[in-house]
Amino acid sequence: ACVARADAPTPWRGIDAALGGEPIASRLECVVRAFPARDADGAEQAARKAFERLGEYPFALAGWSFSNPHNLFIPPGDWNRLRRDVMDALRTRCETSRDEVRRRLIAPLQPPSPAPITEREQFRWNVVVGEPAVLSAFGPDDFAVADEVAVGIGDGDAASIGAALERLAETVGRNKLRLALPLIMRDHQAAAMAEKTRALLAAGWRRWLVPGLAGLQLLSAGADLDLTADWTLYCLNSLAANELSGMGFASFTLSPEDDAGNLADALARPGLADRAWLPVYMHPPLFISAACAHAHIGLCKSGPGHKGCPIRGKGMKIRLERSGEAEILPQTCGSVVVGNEPYCLSDRLDAIARLGAKRLGVDFRWKKPSAEAAVQIWRNVVSGNGLQSISGNFERGLV
């Protein structure tokens with residue numbers, strides 16, 4: 001709304017502006033030249049024409065009213081200057097209002113400041129393996145450190161896996177064992193995996209590590225289950241943790257792709273650190289394929305789904321342009337590529353404690369070590385000894 005009035009010494013000043021019906025710049029006054037108008041309608045048309053030229057601004061003229069009781073004329077140059085002043089004021093106020101709305105929306109999501117930690121806490125540890133044989137060199141003291149032991153059920157039938165689990169339970173304790181579903185199930189594996197899962201549920205196994213939402217369907221026949229979400233479900237913040245909790249997960253695994261700053265924000269959320277496992281050692285997969293690279297070059301001539309892989313455990317060294325040396329490993333008639341060096345944060349345990357982490361994990365699934373190598377890695381990691389490794393985004397930051 002433009003209002004012209006005869007105030008001495010300047011006969012016209014003042015403009016009120018609104019954006020979307022709400023006052024943004026309540027009133028803007030500026031000095032302009034004013035003369036008696038020969039044509040009252042022409043004076044209003046000149047004013048409106050000036051305010052319709054808003055091409056350089058993110059606004060459009062939605063409404064217009066003009067009051068000129070003294071029948072004054074203002075030169076077009078002054079209208080143009082006034083338009084620029086008004087639009088600049090509107091844009092500034094609009095940006096300020098947008099920032100205020102953003103702060104108001106984000107404020108409930110901001111984590112509280114974490115309590116300072118001056119010394120390393122007593123971590124809880126878990127170890128995840130693809131098969132029990134990897135743990136055959138672990139002694140009672142090694143298992144005593146582990147709060148949980150998760151074992152994959154991808155290889156073997158229900159009877160052989162169940163027997164191996166029962167033997168391991170005699171050493172570890174059944175209450176420490178958790179069964180890990182495979183991340184990927186091909187069509188030729190689905191029926192056998194469903195049957196295997198039902199048999200293990202019927203045998204009383206209630207604690208499971210679930211790498212994908214399809215795993216919830218496999219476990220739907222179970223009751224009173226204790227479920228942990230694997231890192232492949234990408235729990236990168238407290239909102240994701242809340243969603244996973246709503247799906248029935250009692251705990252979850254944080255991502256090895258995360259960085260220290262984002263981890264600190266997530267772990268500062270009340271109660272989250274008590275339910276979150278942070279991987280500090282693993283060979284994360286760089287690439288997973290349904291095709292067997294070994295079969296492609298003639299090292300395996302069996303078709304998908306055959307029993308007893310003739311090249312099991314035999315990797316092929318390759319060099320990646322950016323990542324350096326890597327290895328192609330056979331995996332149930334498919335292939336997985338892992339880096340030559342593991343992801344490991346064992347020499348940063350004090351820094352991890354300051355982030356607020358309480359549960360740490362060691363994962364041997366993607367590149368299976370020998371039993372002797374596994375126990376040495378385990379002892380080094382839980383003792384905080386550094387290994388030749390990479391730290392991923394932990395210090396580098398998220399891209």
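Is Trp378 buried or exposed? Select Trp378 to begin: with a relative accessible area of 0%, Trp378 is buried, where buried means under 20% relative accessible area, exposed means over 50% and partly exposed lies in between, for a 1.4 Å probe and protein chains only.

Before moving on, keep in mind that this is a predicted model, in which local features need pLDDT of at least 70 and side-chain atom pairs count only at pLDDT 80 or more, while totals for chains, interfaces and linings use all residues. Residues are numbered from 1 along each chain as its sequence is written, and side-chain values use heavy atoms, with hydrogens and water left out.

**The whole chain**

Show the whole chain as a cartoon, in which there are 12 helices and 19 strands; these are DSSP runs numbered from the N terminus, helices being H or I with at least four residues and strands being E with at least two. Of the 399 residues, 43% count as buried. Among the contacts with a separation of 6 or more, 66% come from residues 24 or more positions apart, a contact being heavy atoms within 4.5 Å.

**The aromatic cluster**

Return to Trp378 and add Trp125, which at 4% relative accessibility also counts as buried. The structure holds 9 aromatic pairs, a pair being rings of Phe, Tyr and Trp (its six-membered ring) with centres within 6.5 Å, called stacked when the planes are under 30 degrees apart, edge-to-face when over 60 and tilted for the rest. Trp125 and Trp378 make an edge-to-face pair, 6.2 Å centre to centre with 75° between the planes. Because Trp125 lies in strand β7 (residues 124–129) and Trp378 in helix α11 (residues 371–383), the pair ties together parts that are 253 residues apart in sequence.

Next select Phe138 and Phe143, whose ring centres are 5.4 Å apart and whose planes stand at 40°, so this pair is tilted. Both Phe138 and Phe143 are buried. Adding Phe123 completes the picture, since ring pairs link Phe123, Trp125, Phe138, Phe143 and Trp378 into a cluster.

**Strand β9 and helix α5**

Move to strand β9, both faces of which are covered, with Leu177 and Leu179 buried on one side and Arg178 and Ala180 buried on the other. Strand β8 (residues 146–152) pairs with β9 in the parallel sense over 4 bridges, where pairing requires that DSSP finds at least two bridges between the strands. Within this pairing, Ala150 stands opposite Arg178.

Now select helix α5 (residues 187–202), whose 16 residues reach 24 Å from the first C-alpha to the last, close to the 22 Å expected at 1.5 Å a residue; the expected span is 1.5 Å times one less than the number of residues. The buried residues of α5 are Gln189, Met193, Ala194, Lys196, Thr197, Leu200 and Leu201, and they pack against α4 (158–172), β9 (177–180), β10 (207–210) and α6 (214–218). Following α5 is Gly204, which has a positive phi near 100°.

**From β10 to β12**

From β10, trace the parallel pairing to strand β11 (residues 226–229), joined by 4 bridges, in which Val210 has Ala229 as its bridge partner. Strand β11 is in turn joined to strand β12 (residues 249–253) by 3 bridges, again running parallel, and here Ala229 stands opposite Phe252.

**The antiparallel sheet**

Finally, select the open sheet of 4 strands, which has the order β14-β17-β16-β15 with antiparallel pairing. At its edges stand β14 (285–289) and β15 (316–320), each with a single partner strand, so one side of each is left without a neighbour in the sheet. Strand β15 and strand β16 (residues 324–331) run antiparallel and are joined by 5 bridges, one of the residue pairs being Lys317 with its bridge partner Glu327 in β16.

End on Gln331, which lies in strand β16 and is partly exposed, with a relative accessible area of 30%. Not counting residues up to four places away in sequence, Gln331 touches Ile288, Val336 and Trp366. A C-alpha to C-alpha distance drawn from Gln331 to Cys292 gives 7.9 Å, although the two are 39 residues apart in sequence.
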